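Student: I have a model open in front of me and would like to learn how to read its sheets and its ligand site. Could you take me through them step by step?

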Amino acid sequence: MSHISTVTVAGSSWQESDAGLIAVGVYKDQSLTPLAQEVDKAIGGLITQGINLKDIKGKIGQSHFFYAEGKMISVLGLGQRDKVDSNSIRLAAGAAARAAISRKVRSVAVECFCSGLDSCQPMGEGLVLGSYQFLDYKTKDEENFELDSAAVIGCDSDEIAKGTEIAKAVCFSRDLANHPGNVTTPTRLADAAREISDEAGMNLTVFDRKEFTEMGMGGLAGVAQGTDEPPKFIILEYFGTDKEKQPKVLVGKGLTFDAGGISIKPASKMDEMKYDMCGSATVLGVFKAMAALKPKINVVGIVPSTENLVGAKAYKPGDILTAYNGKTIEVLNTDAEGRLILADGLSYACKHYEPEFILDFATLTGAVLVALGHIATGIMGTDDELVNRVKKSSENVGEKVWEFPLWPEFCKQIQSKIADVKNIGAPRQAGTIAGGAFLKEFVDENIPWVHFDIAGTAWGVKPDSCNPKGSATGVAIRLVLDLLGV
Ligand code: BES
Ligand code: MN
Ligand code: ZN
């Protein structure tokens with residue numbers, strides 16, 4: 001794990017700051033932020049020269065280095081002045097952290113770019129997200145440079161602290177997912193849930209193979225037949241308000257390695273299937289943030305977790321499993337395993353809680369990548385109001401979602417000839433919707449529910465200052481926290 005863990009608010013002027021790098025801003029209309037103007041004066045107008053020479057353009061993502069008062073100065077492009085929003089501020093703050101790391105400077109101080117925005121939170125988020133690196137397996141010192149500290153000059157400290165905690169939760173989730181399958185096992189996910197619950201006095205329950213099998217979780221038990229790595233069914237309860245109040249339930253796919261089972265996957269890129277637990281990382285990330293921020297809401301997190309391998313006892317195409325809600329499932333492809341373990345997770349939520357609503361997160365289908373690339377998360381649900389709330393939060397935090405229809409025609413495609421449902425839809429058609437249609441069978445009709453297919457957005461996205469190359473993203477944590485009003 002490598003990222004800064006606090007962002008301080010500095011009242012001092014940039015000359016008095018002990019940071020090795022000071023980040024200031026320039027807009028596309030060539031105007032400088034207040035601190036950039038001060039620095040420009042101190043260095044005899046060098047920044048203005050760069051602008052006049054049309055080298056400094058103020059574009060988002062652009063940065064230029066200067067030197068003053070024995071420090072490095074980074075002039076960051078902020079884009080169009082009238083289009084500055086929380087996303088561009090988050091990216092600019094991330095760029096400041098990345099600039100320091102790229103120049104091997106241990107401490108950075110950034111001007112508050114948030115004036116005109118309702119909150120400084122994205123500054124805190126960006127600095128922490130930008131400082132994130134996954135270095136755990138790099139043993140050479142020269143590859144291990146880390147940022148130690150960050151300060152903001154002139155931001156609101158409560159909002160910065162909130163942004164910092166949320167981004168740390170995202171980094172926590174990224175770490176869980178970036179570790180390989182031999183480290184992030186179901187046991188490790190249960191341990192992570194334990195760490196979180198200890199932090200804030202949450203309730204944690206973990207069922208092992210024998211327990212959840214006897215309880216009737218045939219989906220998880222079926223998928224887990226092919227692995228010796230102990231599977232887990234993890235339940236985290238956070239009560240931040242009156243216990244009588246209906247909880248919101250989050251369910252996450254915790255498939256710590258997906259080889260496809262007997263319907264085995266091709267070898268190419270199979271290593272990426274260590275990321276098949278990113279849905280659970282989203283859920284645990286939300287709980288990590290709640291442990292720090294202690295919102296006055298009730299939330300339950302449910303993570304069914306196992307590997308999907310090809311052991312001698314592995315479940316087979318044609319097998320029929322009985323899920324926790326009693327419905328029978330004909331397994332026609334053992335690689336459509338996520339929906340089988342989620343069937344038990346969703347049924348458990350409906351039976352044991354009276355959820356106000358349920359959200360589930362899963363790297364469920366390769367098909368969502370065909371439809372939306374690495375750009376947007378596919379969503380579908382049973383309640384327009386909840387779907388609209390998801391869309392609103394998506395816009396608020398800059399994490400794109402796109403809704404697919406759960407029309408009856410699609411829902412018919414997962415009906416089985418010999419069992420209640422089958423685990424695949426029509427061959428090569430609407431695969432993402434088939435996944436959603438299957439899950440819908442395990443959510444009671446009166447409970448609002450939205451499914452997030454994050455297979456395209458949980459990793460592999462175009463890198464930017466807040467998302468390093470080759471890392472899990474921690475997608476949807478910020479969206480869910482916004483939706484929960486945290
Ligand atoms: N974890 C995969 C989905 C996936 C594939 C995510 C590629 C990211 C990249 C999931 O368990 C899976 O294998 N789904 C199958 C379903 C199919 C057999 C109906 C798929 O998408 O091919
Ligand atoms: Mn699979
Ligand atoms: Zn999978």
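Tutor: We will go through the sheets, then the helices that lie across one of them, and then the surroundings of the ligand. Please keep in mind throughout that this is a predicted model.

Student: In what order do the six strands of the open sheet stand, and how are they paired?

Tutor: In general, strands of a sheet pair through backbone hydrogen bonds, either parallel or antiparallel. Here the six strands follow the order S1-S6-S5-S2-S4-S3, and their pairing is mixed. Strand S1 (7-10) and strand S3 (63-68) stand at the edges with a single partner strand each, so one side of each has no neighbour in the sheet. Direction ignored, neighbouring strands of this sheet are turned against each other by 25 degrees on average.

Student: Which way do S5 and S6 run relative to each other, parallel or antiparallel?

Tutor: Strand S5 (residues 107-111) and strand S6 (residues 149-153) run parallel and are joined by five bridges. To find the pairing on your screen, look for alanine 109, which stands opposite alanine 151 in S6.

Student: Which strands does helix H1 lie across, and which does helix H4 lie across?

Tutor: Helix H1 (residues 34-42) lies across strand S2 (21-26), strand S4 (71-77), S5 and S6, and runs at about 115 degrees to S2. Helix H4 (residues 121-131) lies across S1, S5 and S6, running at about 155 degrees to S5.

Student: What is the order of the three strands in the other open sheet?

Tutor: That sheet has the order S12-S13-S17, again with mixed pairing, and its edge strands, S12 (320-322) and S17 (421-422), each pair on one side only. Three bridges join S12 to strand S13 (residues 328-330) in an antiparallel run, with isoleucine 329 in S13 as the bridge partner of leucine 321.

Student: How many residues surround ligand 1, and which are the closest?

Tutor: Ligand 1 is surrounded by 16 residues, the closest being Lys265, Asp276, Asp335, Glu337 and Gly366. This shell divides into seven charged, five nonpolar and four polar residues.

Student: Which atoms of ligand 1 lie by aspartate 335, lysine 253 and leucine 364?

Tutor: An oxygen atom of ligand 1 lies 2.8 Å from a polar side-chain atom of aspartate 335, and an oxygen atom of the ligand is 3.2 Å from an N or O atom in the side chain of lysine 253. For leucine 364, a backbone N or O atom lies 3.3 Å from a nitrogen atom of ligand 1. Taken alone, ligand 1 exposes 510 Å², of which the protein buries 76%.

Definitions and conventions. Residues numbered from 1 in each chain as written. Chains lettered and ligands numbered in written order. Predicted model: local features only at pLDDT ≥ 70, side-chain atom pairs only at ≥ 80, totals over all residues. Heavy atoms only, no water. Near = heavy atom within 4 Å. Polar contact = N/O pair within 3.5 Å; in protein donor to acceptor, adjacent residues only side chain to side chain. Areas by Shrake-Rupley, 256 points an atom, 1.4 Å probe, with all protein chains shown as cover. Nonpolar A, V, L, I, M, F, W, Y, C, P; charged D, E, K, R; others polar. Pairing = 2+ DSSP bridges. Helix = DSSP H or I, 4+ residues; strand = E, 2+ residues; numbered from the N terminus. Axes fitted to C-alpha atoms, helices over the stretch in contact; angles between N-to-C directions. Contact = heavy atoms within 4.5 Å.
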